[in-house]
Amino acid sequence: MAGVRVTKVDWQHSKNGAAHHTQDYPCSELVVRRGQLFSLKLGLNGVLESEEALIFTVETGPQASEALHTKVIFQTAELEIGDNWSAAKEEQTENSLTVSLISPSNAAIGRYLLSARASSRRKHSDRKLGEFVLLFNPWCPEDDVFLDSEEERQEYVLNDSGIIFRGVEKHIRAQGWNYGQFEEDILNICLSILDRSPSHQSDPANDVSHRHDPVYVTRIISAMVNSNNDRGVIQGQWQGKYGGGTSPLRWRGSVTILQKWFKGRCKPVKYGQCWVFAGVMCTVLRCLGIATRVVSNFNSAHDTDGNLSVDKYVDSFGRTLEDLTEDSMWNFHVWNESWFARQDLGPSYNGWQVLDATPQEESEGVFQCGPASVNAIREGDVHLAHDSPFVFAEVNADYITWLWHEDEKRERVYSDTKKIGRCISTKAVGSDSRVDITGLYKYPEGSRKERQVYSKAVKKLLSVEAWGRRTRIRRVSGRGLWRDDLLEPPVKPSITGKFKVLEPPVLGQDLRLALCLTNLTSRPQRVRVNLSGATILYTRKPVAEILQESHTVRLGPQEEKKIPVTISYSQYKEDLTEDKKILLAAMCLVSKGEKLLVEKDITLEDFITIKVLGPAVVGVAVAVEVSVVNPLLESVKDCVLMVEGSGLLQGQLSIDVPSLQPQESALVQFNITPSKSGPRQLQVDLISSKFPDIKGFVIIHVATAK
């Protein structure tokens with residue numbers, strides 16, 4: 001008997017998509033999540049007898065095998081939720097049969113081929129039904145990525161836009177970012193990123209078999225989002241020169257970057273910096289079903305040698321000596337956190353895991369970082385995988401300033417202006433506000449517990465286990481430095497100093513500040529003040545010197561004096577980078593050899609206002625009004641508004657702005673037609689060759705059409 005044949009399949013896209021929270025993926029294939037039931041309606045050329053079973057085969061990857069669990073053969077029976085694929089017959093008509101299938105909650109994610117045959121038919125007569133995509137499932141309690149909060153799942157898995165915090169500790173700015181994980185082709189691109197990894201290229205069968213594990217998958221993605229060791233997505237550039245590519249600050253989201261990489265045959269996209277790497281990795285991991293958020297750390301240490309100190313060398317004007325300074329403290333650094341269980345470490349380390357795609361240091365010979373358990377960082381367990389010592393240093397290292405003398409001697413300088421790891425920030429669940437999560441990474445600064453954790457971490461860092469090999473610390477003085485070997489902190493000087501901003505620092509205008517010095521003693525003091533100023537990148541790397549002057553100040557007992565500091569627009573306009581940052585330094589040389597370094601990071605302000613003129617409804621055009629201002633004291637002719645927003649308009653919109661006279665404002669109107677309901681982010685940037693991009697965004701609540 002030939003037996004009943006399967007003739008066609010109805011993938012039940014709408015029903016399965018709603019149940020699996022995958023209805024927003026625009027691809028033609030069915031997208032479902034592991035560990036959860038889904039239904040198919042099969043067309044048959046007859047009626048399947050009650051005792052007859054359907055035999056299914058699922059396989060993923062180019063060399064699928066039962067031994068590696070990338071190929072599984074199973075048949076309809078009682079539905080079982082467990083370690084194996086399972087299927088059951090549900091409802092039968094004359095020419096169709098509805099079946100329910102369920103994958104194990106630890107199945108490898110990726111694209112699967114599904115085949116089926118009736119048990120009465122001979123082997124090798126399977127009918128290929130087509131392909132479907134299986135994702136991680138934060139809704140499934142048995143999945144390692146399970147997240148037990150619907151509000152958080154909506155934010156960290158399904159929200160396709162977000163906010164990245166940038167700036168400086170005292171002046172944190174919000175920047176909109178379009179993750180766009182549900183845009184055309186993005187799921188396919190995210191799966192192809194896994195297939196382009198060196199692990200897959202060298203051993204595809206083994207690589208695919210490990211895709212059940214979020215630790216493995218996220219580590220691969222952290223390497224593949226940068227292009228340093230592979231044909232990864234983004235090429236980093238921190239020199240302030242972006243010829244042959246796009247400035248990192250010009251990107252408004254991940255979609256254009258991922259599409260450009262894919263269409264360009266996996267040629268790295270130029271250029272990215274930390275928030276771009278983090279924005280793209282957030283897109284990829286949310287797309288694959290792992291709850292992920294973007295995190296900003298202000299005053300972030302880049303400790304190149306693992307001695308838990310950032311050693312900065314300066315001259316007598318407080319200027320950074322770049323050829324001697326290997327470590328750095330960035331104004332901010334942006335990474336990701338993803339939520340999953342750590343089967344490799346134990347339940348104490350479940351929860352948020354740090355992942356960082358910015359290529360800073362190699363890990364196991366590759367520019368990748370994480371996953372490092374946030375709980376492990378807070379408890380000082382820096383011996384645990386992966387890259388915990390580096391992340392611990394980013395939020396805990398000491399910032400030490402050395403004055404370098406011409407005779408090649410160095411002297412530690414008192415500086416209390418900088419603390420590492422401040423205002424660690426992420427977007428709030430369900431709103432645009434900033435949440436400070438510093439307490440997840442460390443105990444309160446200066447507390448007994450914080451000092452105990454720090455000592456514990458130092459001991460573990462000195463052990464071979466933390467790094468896999470003993471690391472010799474090379475320093476310009478020619479001797480190794482570990483935290484315990486550092487000189488005692490210099491005696492606190494008998495004066496204090498602080499820069500005060502007298503007027504808000506606005507792009508295109510002169511900067512007015514004062515250096516306020518206070519004598520803490522009851523005797524007169526004479527202070528030599530060497531002032532310097534430089535335009536900088538957000539990594540605090542100097543670009544160009546714009547100020548150098550010296551003053552001698554006499555301070556009476558307990559007296560405070562102000563030294564006015566003015567930097568004209570003409571002094572900084574040619575050398576200001578797109579980061580819009582300036583670093584001021586004052587080296588104060590007090591009698592008896594006391595030295596005090598005072599520093600101030602300044603971010604220049606700019607303004608753009610966006611208004612939606614009416615209710616926003618799916619399928620109905622609505623006007624948007626943007627107010628822009630020419631920040632300069634000269635006219636500009638070449639301004640353009642660049643507009644982007646998932647679910648609000650297709651691709652990007654470019655709008656020419658009329659010529660603007662010095663400091664003139666203008667209103668620009670355009671229409672958008674929303675295609676998706678719910679909260680949607682519209683980004684609008686004012687772009688000109690005469691000044692750095694001015695960025696703005698607004699959240700628009702789109703209603704469904706009645």
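How far apart should the ends of helix H8, with its 15 residues, be at 1.5 Å a residue? The expected span is 21 Å, and the end C-alpha atoms of H8 lie 21 Å apart, so the two values agree. The structure is a predicted model, with a mean pLDDT of 92 for the chain. This briefing covers confidence, helix H8, a helix pair and one strand residue.

**Confidence**
- A pLDDT of 70 or more is reached by 95% of the residues of the chain.
- Residues 464-487, however, have a pLDDT below 50, and this stretch has 55 contacts in the model beyond near neighbours in sequence.
- Where pLDDT is low, the predicted coordinates should not be read in detail.

**Helix H8**
- H8 comprises residues 274-288, and 15 of its 15 residues are buried.
- After H8 comes Gly-289, which has a positive phi near 100°.

**Helices H3 and H7**
- Helix H3 (residues 186-195) packs with helix H7 (residues 255-263) at an angle of about 60°, and their axes are 10 Å apart.
- The two helices are therefore oblique to each other, and H3 passes H7 in a left-handed crossing.
- On the H3 side, the residues making the contact include Ile-186, Ile-189 and Ile-193, while those of H7 include Leu-258, Trp-261 and Phe-262.

**Lys-270**
- Lys-270 belongs to strand S13 (residues 269-272).
- Its relative accessibility is 29%, so Lys-270 counts as partly exposed.
- Beyond its neighbours within four places in sequence, Lys-270 is in contact with Gln-235, Gly-244, Gly-245, Thr-246 and Trp-251.
- Ile-602 is 332 residues from Lys-270 in sequence, and their C-alpha atoms are 27 Å apart in space.

Note on methods: Residues numbered from 1 in each chain as written. Predicted model: local features only at pLDDT ≥ 70, side-chain atom pairs only at ≥ 80, totals over all residues. Heavy atoms only, no water. pLDDT = per-residue confidence, 0-100. Contact = heavy atoms within 4.5 Å. Helix = DSSP H or I, 4+ residues; strand = E, 2+ residues; numbered from the N terminus. Expected span 1.5 Å × (residues − 1). Buried < 20%, exposed > 50% of the residue type's maximum accessible area, 1.4 Å probe, protein only. Axes fitted to C-alpha atoms, helices over the stretch in contact; angles between N-to-C directions. Parallel < 35°, antiparallel > 145°, perpendicular 65-115°, else oblique. Left-handed = near helix turned anticlockwise from the far one by under 90°.
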